[in-house]
Amino acid sequence: MADIRQQQPLSHQVVKAATAVTAGGSLLVLSGLILAGTVIALALATPLLVIFSPVLVPAGITVFLLVTGFLSSGGFGVAALSVLSWIYGYVTGKNPPGADQLDRARQKLALKAREMKDRAEQYGQQNIPAGSQQH
C-alpha cells in the first residue's frame, strides 16, 4: 500500500487531499447549520409544546400504543399464517423445512416414553408384595 502512494505523482496526492478537505469541510459546515436550525426550532417550539403538552403527551402515547398494537397484530398474523402453511405442507407430505428434525424428535420421544413405561412396569412388579397382587 505504501508503494502505491509513493508511485503516484504529487499532483494526484494534492488533488486527493484537496478533495478530502473540501468534502470534510462541507460536511462540517452542513452539520453546524443543522445543529443551529435544530436549536432555533427547539427554541420556537418549546412554548407551544409546554402549552399543548396536556393534550400532546396522551395523544402521543395513544398513537404509539395503536401503532404498536397494529404492527404486533400484523406480525403475529403473518407468523400464524406461515405456521399454518408449514403444518399444511407437513400434513400433506410435502416435507417442509425442518420436518425431518421433527420426525426424529418425535421418534426419540416415543422411544423414551416406551422405556419409561417399561421401567415403571418393572418397578411396579418388584415393589408389590407377593400376597397382595391383583388378579
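Buried means under 20% relative accessible area, exposed means over 50%, and partly exposed is in between, with a 1.4 Å probe and protein chains only. Lys 112, for instance, has 52% relative accessibility, so Lys 112 counts as exposed.

Before you start: this is a predicted model, where local features need pLDDT of at least 70, side-chain atom pairs count only at pLDDT 80 or more, and totals for chains, interfaces and linings use all residues. Residues are numbered from 1 along each chain as its sequence is written, and side-chain values use heavy atoms, with hydrogens and water left out.

**Exercise 1. The overall layout**

Work out which secondary structure elements the protein has, and in what pattern they follow each other.

Solution. Step one: helices (H or I, at least four residues) and strands (E, at least two) are DSSP runs, numbered from the N terminus. Step two: the tally is three helices and zero strands. Step three: going along the sequence, you read α-α-α. Helix α1 covers 2–7, helix α2 covers residues 10–91, and helix α3 covers residues 99–127.

**Exercise 2. Globule or not?**

Compare the radius of gyration of the protein with that of a compact globule of 135 residues.

Solution. Start with the rule: the radius is taken over C-alpha atoms, and the globule value is 2.2 Å times the number of residues to the power 0.38. For 135 residues a compact globule would come out near 14 Å, but this protein has 36 Å. Next, look at the box around the C-alpha atoms: along the principal axes, the box is roughly 105 × 65 × 40 Å. Finally, check burial: 2% of the 135 residues count as buried.

**Exercise 3. The surface**

Find how much accessible surface the protein has, and which residues make a nonpolar patch on the surface.

Solution. First, the method: accessible areas come from Shrake-Rupley with a 1.4 Å probe, and for residues only the protein chains shown count as cover. The total is about 11,900 Å², and 72% of that belongs to carbon and sulfur atoms.

Now the patch. Patches take residues with over 30% relative accessible area and no salt bridge, joining like charges within 9 Å and nonpolar side chains (Val, Leu, Ile, Met, Phe, Trp, Tyr) within 5 Å. Leu 48, Leu 49, Ile 51, Phe 52 and Leu 56 make a nonpolar patch of about 500 Å². Zoom in on one of them: Leu 49 sits in helix α2, and Leu 49 counts as partly exposed because its relative accessibility is 45%.

**Exercise 4. Salt bridges**

How many salt bridges does a search of the whole structure find? Describe the partners of each.

Solution. You need a side-chain nitrogen of Lys or Arg within 4 Å of a carboxyl oxygen of Asp or Glu. The search turns up two.

- Arg 106 pairs with Asp 103, with the closest N and O atoms 3.1 Å apart. These two are three residues apart in helix α3, so about one helical turn separates them. Asp 103 has 24% relative accessibility, so Asp 103 is partly exposed.
- Glu 115 pairs with Lys 112, with the closest N and O atoms 3.7 Å apart. Both lie in helix α3, three residues apart, about one turn of the helix. Glu 115 is partly exposed because its relative accessibility is 30%.

**Exercise 5. Loops and distances**

Where is Asn 95 found, and what is its phi? Then look up the C-alpha distances that start from Pro 9 and Ile 87.

Solution. Asn 95 is in the loop between α2 and α3. Its phi is near 55°, a positive value in a residue other than glycine. Most residues other than glycine have a negative phi. Asn 95 has a relative accessible area of 55%, so Asn 95 is exposed.

For the distances, begin with Pro 9, in the loop between α1 and α2. The C-alpha atoms of Pro 9 and Thr 19 are ten residues apart along the chain and 16 Å apart in space. Ile 87 lies in helix α2, and its C-alpha atom is 9.5 Å from that of Ala 99, twelve residues apart along the chain.
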